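Q: Please take a close look at one part of this structure, namely its salt bridges and the helix that bears on them. Explain step by step how the residues concerned are placed.

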Amino acid sequence: MSHEPKHGWRYGSKCWGTKTNTFYPPRPRGEYRDVADEAKSVCWGTGEHDPECPVRKNCLLYAIERNDPHGIWGGMSNRERSHLLRKFSSLQPGVTFSQWVMESDGGVKAKQFIKQVPRHEEGPDSARRAS
């Protein structure tokens, strides 16, 4: 029997020990993008010498399971997570979102997918406005 906490995966994240506000960009639209991009670069990595966070997929699923409307989780904003879920449900019959992300190339597709999401100077309420 494991004594690891249910969400013990967080201890292996690249953001462990980082200031929380890095992943909760400010409301003013002019400030949102830079802070969000900084957070996303922690999750996705910036290249060969700065790889993707080893628990990025767990983080993404955690936010989606909790339906968390705030913050950058798993390298995606709420708007991007919502858009990804809608797109996935129309493309993957018979496969759960968790399976797609964790067991297949869903993580890679997620990164390619967020480049397709219309990029607005999004703020915390942008997903509600877009719906």
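## Salt bridges and the first helix

A: In this predicted model, D68 counts as buried, because its relative accessibility is 9% and the limit for a buried residue is under 20%. D68 forms a salt bridge with R66, and the closest N and O atoms of this pair are 3.3 Å apart. R66, by contrast, is partly exposed, at 43% relative accessibility. This contact therefore joins a buried residue to a partly exposed one.

The pair is one of several: a search of the whole structure finds four salt bridges. Another of them links D50 with K14, whose closest N and O atoms lie 2.7 Å apart. D50 belongs to the loop between α1 (29-44) and α2 (56-66), whereas K14 belongs to the segment before α1, so this bridge ties together parts that are 36 residues apart in sequence. Both partners are partly exposed: the relative accessible area of D50 is 24%, and the relative accessibility of K14 is 29%.

A further salt bridge is formed by K40 and E80, with 2.8 Å between the closest N and O atoms. Here the partners lie in two helices, K40 in α1 and E80 in α3 (residues 78-91), so the contact ties together parts that are 40 residues apart in sequence. K40 is buried, with a relative accessible area of 9%, and E80 is buried as well, with a value of 4%.

Since K40 lies in α1, that helix deserves attention in its own right. It has 16 residues, which at 1.5 Å a residue should span 22 Å; the C-alpha atoms at its ends are 22 Å apart, in agreement with that expectation. The buried residues of α1 are Y32, A36, A39, K40, C43 and W44. Viewed down the axis of the helix, they fall within an arc of 125°, and so they line one face of α1. The general geometry helps to explain such a pattern: an α-helix has 3.6 residues a turn, so residues three or four places apart point the same way.

K40 thus has a place in two parts of this account, as a member of the buried set of α1 and as the partner of E80 in a salt bridge. On the other side of α1, G30 and D34 are exposed. Just after the helix comes G45, which takes a positive phi of about 80°.

How values were computed
Residues are numbered from 1 along each chain as its sequence is written. This is a predicted model: local features need pLDDT of at least 70, side-chain atom pairs count only at pLDDT 80 or more; totals for chains, interfaces and linings use all residues. Side-chain values use heavy atoms; hydrogens and water are left out. A salt bridge is a side-chain nitrogen of Lys or Arg within 4 Å of a carboxyl oxygen of Asp or Glu. Helices (H or I, at least four residues) and strands (E, at least two) are DSSP runs, numbered from the N terminus. Buried means under 20% relative accessible area, exposed over 50%, partly exposed in between (1.4 Å probe, protein chains only). The expected span of a helix is 1.5 Å times one less than its number of residues. The arc is that of the directions from the helix axis to the C-beta atoms.
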